[in-house]
Amino acid sequence: MLFVPPLRPPEHRVDPKATLWWTLNAALAVLGLLVGEIAVLVWYRTGWLVTVLVATAVLGACYAVVMPRWRYRVHRWEADQQAVYTLSGWLWLQWRVAPVSRIQTIDTARSPLQRLFGLASVTVTTASSAGPVRIEGLDAAEAAQLARRLTEVTQRDHGDAT
């Protein structure tokens, strides 16, 4: 049977709290970079490093404000009886489709920051050389339900999972 994916974006958005999670991740990354630059500035005491530090602070603040909101507008997911669909990214968009017959494992993960916001990620691994399909920023209960549902669907499917 020929499988044709839908020609539309996936139906579901990630949890709105994902913007807070992405913002905090971005802020921590920028903060780490700034701490490193401050250490270099203290060590070398050159004027041009101040310019680099200010530029990093300004660009980092823009990144931490813009990126999470943009990602939230873009990130979508859907899972049905035939496949798992994802649309993700913020500068480079990636649309992934993983047919149920190719699913090998379904994992959920919750980092400490995700737990803080009640979020989780679902990773669907296939034999694809492009790597697993990840749905990040789901409500933890929704992620658990999705993993259960996908497990049931893959058990009913008698594909080769390769």
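Let me begin with one pair of residues, V122, which stands opposite I135 in β7, where strands (E, at least two residues) and helices (H or I, at least four) are DSSP runs numbered from the N terminus. V122 belongs to the region of strand β6, residues 119-126, which is joined to β7 by five bridges and runs antiparallel to β7; two strands are said to pair if DSSP finds at least two bridges between them.

Before going further, I should say that this is a predicted model, in which local features need pLDDT of at least 70 and side-chain atom pairs count only at pLDDT 80 or more, while totals for chains, interfaces and linings use all residues. Residues are numbered from 1 along each chain as its sequence is written, and side-chain values use heavy atoms, with hydrogens and water left out.

Returning to the sheet, its three strands are arranged in the order β5-β6-β7, as an open sheet with antiparallel pairing. At its edges are β5 (103-109) and β7, each of which pairs on one side only, and the twist averages 15° from one strand to the next, with axes fitted as lines to C-alpha atoms, for helices over the stretch in contact, and angles running from 0 to 180 degrees between N-to-C directions. Helix α1, residues 18-44, packs on this sheet and touches β6 and β7, and its direction makes about 110° with that of β7; contact here means heavy atoms within 4.5 Å.

A further open sheet has four strands in the order β1-β2-β3-β4, again with antiparallel pairing. Because β1 (12-13) and β4 stand at the edges with a single partner strand each, one side of each is left without a neighbour in the sheet. Between β2 (residues 76-79) and β3 there are four bridges, and A79 has V84 in β3 as its bridge partner. Helix α4, residues 140-156, packs on the sheet, touching β2 and β3, and its direction makes about 35° with that of β2.

Also in β3, which covers residues 83-88, lies S88. Is S88 buried or exposed? S88 is buried, with a relative accessible area of 17%, where buried means under 20%, exposed over 50% and partly exposed in between, using a 1.4 Å probe and protein chains only. Leaving aside residues up to four places away in sequence, S88 touches V74, H75, L93 and Q94.
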